[in-house]
Amino acid sequence: MGALAEKTLTGIRVDVSTTLQSFGIPSVDADLIVERGVPEASTGQTAPVCDLQLLFCQLKAMNIKIALCTADSRAATESQMRILGIAPFLDDVVCGNDPGIIPKPSPHCAMQICKRVGVELKEAIMVGDTIADLKMGRIAGLRASVAVLTGVGNTETLKEYTDYFQESHF
């Protein structure tokens with residue numbers, strides 16, 4: 001849990017630069033270090049915990065809208081969506097560096113997504129692995145928040161913010 005799991009790329013870069021400056025590194029130099037050291041997209045690859053294409057295909061067959069709200073950058077998100085083969089299943093995608101977003105746990109993104117895909121807030125479910133994810137669902141008044149235990153959160157850190165736990169693979 002924490003900044004690397006929950007903050008936007010911009011927020012992470014600001015935190016790292018501020019930390020470097022606290023050690024006496026001038027702000028211009030700190031920002032250059034951050035620009036080189038905190039890339040927009042990781043060279044790593046997402047490891048799916050289930051067959052996401054099958055899961056999303058089944059959800060779409062039930063006429064369920066699927067959206068993604070992430071603190072990750074647009075470039076990193078689009079790269080991972082292509083690798084995972086899930087882009088065609090998504091009705092909306094909101095990324096941490098999209099113009100005008102207010103990052104999680106603000107309800108702003110959940111409200112905008114529901115409005116754009118034509119789903120009432122009380123009919124939407126938030127599925128996430130961080131406090132920020134689940135808190136966004138709660139604050140927005142979504143029907144439920146479901147904590148998945150395949151990411152950074154665990155039952156202890158997420159229990160206050162979730163209605164349900166998804167402990168195993170789908």
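## Side-chain pairs in a predicted model

Asp98 is buried, with a relative accessible area of 16%, where buried means under 20% relative accessible area, exposed over 50% and partly exposed in between (1.4 Å probe, protein chains only). The model is predicted, and local features need pLDDT of at least 70, side-chain atom pairs count only at pLDDT 80 or more, and totals for chains, interfaces and linings use all residues. Residues are numbered from 1 along each chain as its sequence is written, and side-chain values use heavy atoms, with hydrogens and water left out.

### Salt bridges

Side chains of opposite charge can pair when their charged atoms come close. Taking a salt bridge as a side-chain nitrogen of Lys or Arg within 4 Å of a carboxyl oxygen of Asp or Glu, a search of the whole structure finds eight. Among them are the three in the table.

| Salt bridge | N to O distance |
|---|---|
| Lys60 and Asp91 | 2.5 Å |
| Asp98 and Arg74 | 2.6 Å |
| Glu123 and Arg143 | 3.3 Å |

Asp98 forms its salt bridge with Arg74, and because Asp98 lies in the loop between E2 and helix H6 (108-117) while Arg74 lies in helix H5, this pair ties together parts that are 24 residues apart in sequence. Helices (H or I, at least four residues) and strands (E, at least two) are DSSP runs, numbered from the N terminus. Arg74 is partly exposed, at 25% relative accessible area, and a network of salt bridges links Arg74, Glu78 and Asp98.

Lys60 pairs with Asp91; the former lies in helix H4 and the latter in the loop between H5 and E2, so that parts 31 residues apart in sequence are tied together. Lys60 counts as partly exposed at 28% relative accessibility, and Asp91 likewise counts as partly exposed, at 34%.

Glu123 and Arg143 meet through their side chains in a salt bridge, and both residues are exposed. Glu123 lies in the loop between H6 and strand E3 (125-128) and Arg143 in the loop between helix H7 (131-140) and strand E4 (144-148), so the pair ties together parts that are 20 residues apart in sequence.

### The aromatic pair

One aromatic pair is present in the structure. Rings of Phe, Tyr and Trp (its six-membered ring) pair if their centres lie within 6.5 Å, with planes under 30 degrees apart counting as stacked, over 60 as edge-to-face and the rest as tilted. The ring centres of Phe56 and Phe89 are 6.4 Å apart and their planes are at 75°, so the pair is edge-to-face. Since Phe56 lies in helix H4 (residues 52-61) and Phe89 in the loop between helix H5 (74-84) and strand E2 (92-94), the pair ties together parts that are 33 residues apart in sequence. Phe56 and Phe89 are both buried.
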